[in-house]
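Me: Can you walk me through this structure? I'd like the sheets, the packing and the cysteines.

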Amino acid sequence: MEYKERTYRESFSSDGRKSFCVRFLESDLLVEVDEASYRPEMNDCVMDWLVGLRRLVDAYILIDPSFRTSLVPHDAMPCAPDIVKRMSKVSNRTGIGPMSAVAGAFAEYVALRLKETCTCSDVLVENGGDIYADLTSDMDISVFAGQSPLSGKVGLHIPAGDFPLGICTSSGTVGPSLSFGCADAMMVVCRDAALADSYATALANKVHGVNDLQPVMDSVSENDDILSAIAVKDDRMAMCGRYELRLFK
């Protein structure tokens, strides 16, 4: 697969954290940890975990190929690895296929392993626009929305006390991921990244024009899984949830 430069990462603020990238096949992770916890061997550990996850999922798909292609919820077999069962469980909550959760699930798995094995006080893992973050400071995060004039100009303020969180973005106009909508961006915040990833795709599927933005946000406001969301289409946006809107220059 051709590597796509993640230009949106230029807008990230590390706030004193040490960052590094790990890439394997379609997965492209940006990892940030507090400088006090960083060790050079973390790079190799993350690569090992990432390769192991990919092999687990690929091996399972060999015996259950519908898991990869299904566009609707798909129950994992009893023999499935935990990461696959997690994706399957998420799909049953969001109403779309389990692979919609793969990037968020991988990001969360790696972040939790870093917290567990390296006792990091701060950790953030971003995988193709899908983030799992557990931070000790507030976070301002902008929405990358491709060619929209609002791209990088709007976002959310997340207070430190609310972490850990999954913060995931889907788009029908940016990137290679399958989408049945035309949203320039749909950012969703949930308690975990697999769920946020799948919801971002499910909601982005429903945005075909600017008139769809508010109805989609109205549905989000009734969903207890979702803490906040922002939808962007062309020069319009809609948002709802507990986090404050931030405007960026």
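What follows is a short chat about this structure.

Reply: Keep in mind that this is a predicted model.

Me: Noted. In what order do the 8 strands of the open sheet run?

Reply: The order is β1-β2-β3-β4-β7-β8-β9-β10, and the pairing is antiparallel. At the edges sit β1 (17–24) and β10 (236–241), each pairing on one side only. Neighbouring strands are turned by 10° against each other on average, ignoring direction.

Me: How many bridges join β7 to β8?

Reply: There are 5 bridges between β7 (residues 165–170) and β8 (residues 185–190), and the two strands run antiparallel. One register point to check: G166 stands opposite C190 in β8.

Me: And β9 with β10, how many bridges there?

Reply: That antiparallel pair has 6 bridges, with β9 covering residues 226–233. A229 has C240 as its bridge partner in β10. The hairpin of β9 and β10 has 2 residues between the strands, and D234 takes a positive phi near 55° there.

Me: You've named two cysteines. How many disulfides does a search of the whole structure find?

Reply: It finds 0.

Me: Why is there no bond at C190?

Reply: Distance. The closest cysteine sulfur to that of C190 is in C168, and at 7.7 Å it is too far for a bond. The cut-off for a disulfide is 2.5 Å between sulfur atoms.

Me: What about C240, which cysteine sulfur is closest?

Reply: The one in C190, but 11 Å separates the two sulfurs, too far for a bond.

Me: Is C240 buried or exposed?

Reply: Buried, with a relative accessible area of 15%. C190 is buried too, at 0%.

Me: Switching to the core. Which residues of the largest nonpolar core touch the most other members?

Reply: V46, L114, V125, M186, V188 and M217, out of 53 residues in that core.

Me: Take V125. What does V125 touch?

Reply: Leaving out residues up to four places away in sequence, V125 touches L29, L30, V31, A107, V110, A111, L114, D130, I131 and Y132. There is also a second, separate core of 22 residues, and I158, F163, I167 and I230 are among them.

Me: Now helices. Where does α1 lie?

Reply: Helix α1 (residues 42–63) lies across β1 and β2 (27–34). The helix runs at about 35° to β1.

Me: And α6, which residues are buried?

Reply: In α6 (residues 213–220), the buried ones are L213, V216, M217 and V220. They fall within an arc of 100° seen down the axis of α6, so they line one face of the helix.

Me: Is there a general reason for that spacing?

Reply: An α-helix has 3.6 residues a turn, so residues three or four places apart point the same way.

Me: What covers the buried residues of α6?

Reply: The cover includes β8, α5 (193–204), β9 and β10.

Me: Last topic. What is the strand order in the open sheet of 3 strands?

Reply: The order is β5-β6-β11, with antiparallel pairing. The edge strands are β5 (139–142) and β11 (244–247), each paired on one side only. Twist averages 35° from one strand to the next.

Me: How many bridges join β5 to β6?

Reply: There are 4, and β5 runs antiparallel to β6 (residues 154–158). S142 stands opposite G155 in β6.

Technical notes: Residues numbered from 1 in each chain as written. Predicted model: local features only at pLDDT ≥ 70, side-chain atom pairs only at ≥ 80, totals over all residues. Heavy atoms only, no water. Pairing = 2+ DSSP bridges. Axes fitted to C-alpha atoms, helices over the stretch in contact; angles between N-to-C directions. Contact = heavy atoms within 4.5 Å. Core = buried A, V, L, I, M, F, W, Y, C linked by side-chain atoms within 4.5 Å. Buried < 20%, exposed > 50% of the residue type's maximum accessible area, 1.4 Å probe, protein only. Arc of directions from axis to C-beta.
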